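Trainee: Got a minute? I'd like to go through this model with you before I set anything up.
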Amino acid sequence: MADCLFCRIVAREIPSSIVFEDDHMVAIKDINPRAPLHVLIIPKRHIATLNDLTSPDDVLVGELVRRAAALAAEHGYAERGFRTVFNTNREAGQSVFHIHLHLLAGRSLTWPPG
Ligand code: 5GP
Ligand code: ZN
């Protein structure tokens, strides 16, 4: 989608700090990190929200989640702990309507989130 921020990041039209890339996803450092490690794992294909997923997307979503765990482990947080979050729509605070999995680690994270 031409006017989608994350489609433009995937297309390298907007610069970002990429920490992982394969055929299906990119993982980038969040521009406004909320924890010492704050990465966004973004599918290359435009999907606006989790409400738009269909069953063929199950493999993709599994890959995003497994990549989050791998990146957490790579940065030394597998045992200490990490949080993975998809925000969906207004009340959850979704601001970019192209799904992305937040990976947060490196500090004590409170529960429930605000
Ligand atoms: P959401 O609020 O949709 O769950 O998360 C969007 C995230 O994207 C936010 O954490 C925000 O800081 C991040 N973000 C917004 N614009 C940019 C950008 O241009 N580059 C990067 N790397 N992150 C961004
Ligand atoms: Zn998009």
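Mentor: Sure, let's go through the sheet, a few side chains and the backbone oddities. Keep in mind that this is a predicted model.

Trainee: Okay, sheet first. What's the strand order?
Mentor: The order is 1-2-3-5-4, in an open sheet of five strands with antiparallel pairing.

Trainee: And which strands stand at the edges?
Mentor: Strand 1 (18-21) and strand 4 (82-85) do. Each has a single partner strand, so one side of each has no neighbour in the sheet. From one strand to the next, the twist averages 20°.

Trainee: What do strands 1 and 2 look like as a pair, how many bridges?
Mentor: Three bridges, in the antiparallel sense. A hairpin of three residues takes you from strand 1 to strand 2. If you want a residue pair to look at, glutamate 21 has valine 26 in strand 2 as its bridge partner.

Trainee: Now the other end. How many bridges between strand 4 and strand 5?
Mentor: Four, and that pairing is antiparallel too. Strand 5 covers residues 101-105. There, arginine 83 has leucine 104 as its bridge partner.

Trainee: Which helix packs on the sheet?
Mentor: Helix 2, residues 58-74. Helix 2 touches strand 1, strand 2 (25-29), strand 3, strand 4 and strand 5. Its direction makes about 155° with that of strand 3.

Trainee: Switching to side chains. Where does histidine 38 sit?
Mentor: In strand 3, which spans residues 37-43.

Trainee: Is histidine 38 buried or exposed?
Mentor: Buried, because its relative accessibility is 7% and the cut-off for buried is under 20%.

Trainee: What does histidine 38 touch, leaving out residues up to four places away in sequence?
Mentor: The list is Ile28, Lys29, Asp30, Asn32, Pro33, His102, Leu103 and Leu104.

Trainee: And which backbone nitrogen lies 3.0 Å from a polar atom of its side chain?
Mentor: That of arginine 34. Worth a look when you pick a protonation state for histidine 38.

Trainee: How many aromatic pairs are there?
Mentor: Zero by the rule used here. There is a charge over a ring, though: the charged end of arginine 67 sits over the ring of phenylalanine 20, 3.7 Å from the ring centre.

Trainee: Backbone next. Where's the cis peptide bond?
Mentor: Between tryptophan 111 and proline 112, with omega of about 0°. Proline 112 belongs to the segment after strand 5.

Trainee: What about arginine 12, what is its phi?
Mentor: Positive, about 65°, although arginine 12 is not a glycine. You'll find arginine 12 in the loop between helix 1 (5-10) and strand 1. At 49% relative accessibility, arginine 12 is classed as partly exposed.

Trainee: And asparagine 89, what's its phi?
Mentor: Near 65°, so again a positive value in a residue other than glycine. Asparagine 89 is in helix 3, and its relative accessibility of 32% makes it partly exposed.

Trainee: Last one, arginine 90. Buried or exposed?
Mentor: Exposed, because arginine 90 has 69% relative accessibility. Arginine 90 is in helix 3, residues 89-92.

Trainee: How far apart are arginine 90 and alanine 2 in space?
Mentor: They are 22 Å apart, C-alpha to C-alpha, and 88 residues apart in sequence.

Terms used. Residues are numbered from 1 along each chain as its sequence is written. Chains are lettered from A and ligands numbered from 1 in the order in which they are written. This is a predicted model: local features need pLDDT of at least 70, side-chain atom pairs count only at pLDDT 80 or more; totals for chains, interfaces and linings use all residues. Side-chain values use heavy atoms; hydrogens and water are left out. Helices (H or I, at least four residues) and strands (E, at least two) are DSSP runs, numbered from the N terminus. Buried means under 20% relative accessible area, exposed over 50%, partly exposed in between (1.4 Å probe, protein chains only). A polar contact is a pair of N or O atoms within 3.5 Å; within protein, one must be able to donate a hydrogen and the other to accept it, and residues adjacent in sequence count only if both atoms are side-chain atoms. Contact means heavy atoms within 4.5 Å. Two strands pair if DSSP finds at least two bridges between them. Axes are lines fitted to C-alpha atoms, for helices over the stretch in contact, and angles run from 0 to 180 degrees between N-to-C directions. Rings of Phe, Tyr and Trp (its six-membered ring) pair if their centres lie within 6.5 Å; planes under 30 degrees apart count as stacked, over 60 as edge-to-face and the rest as tilted. A charge sits over a ring if NZ of Lys or CZ of Arg is within 6 Å of the ring centre and within 35 degrees of the ring normal.
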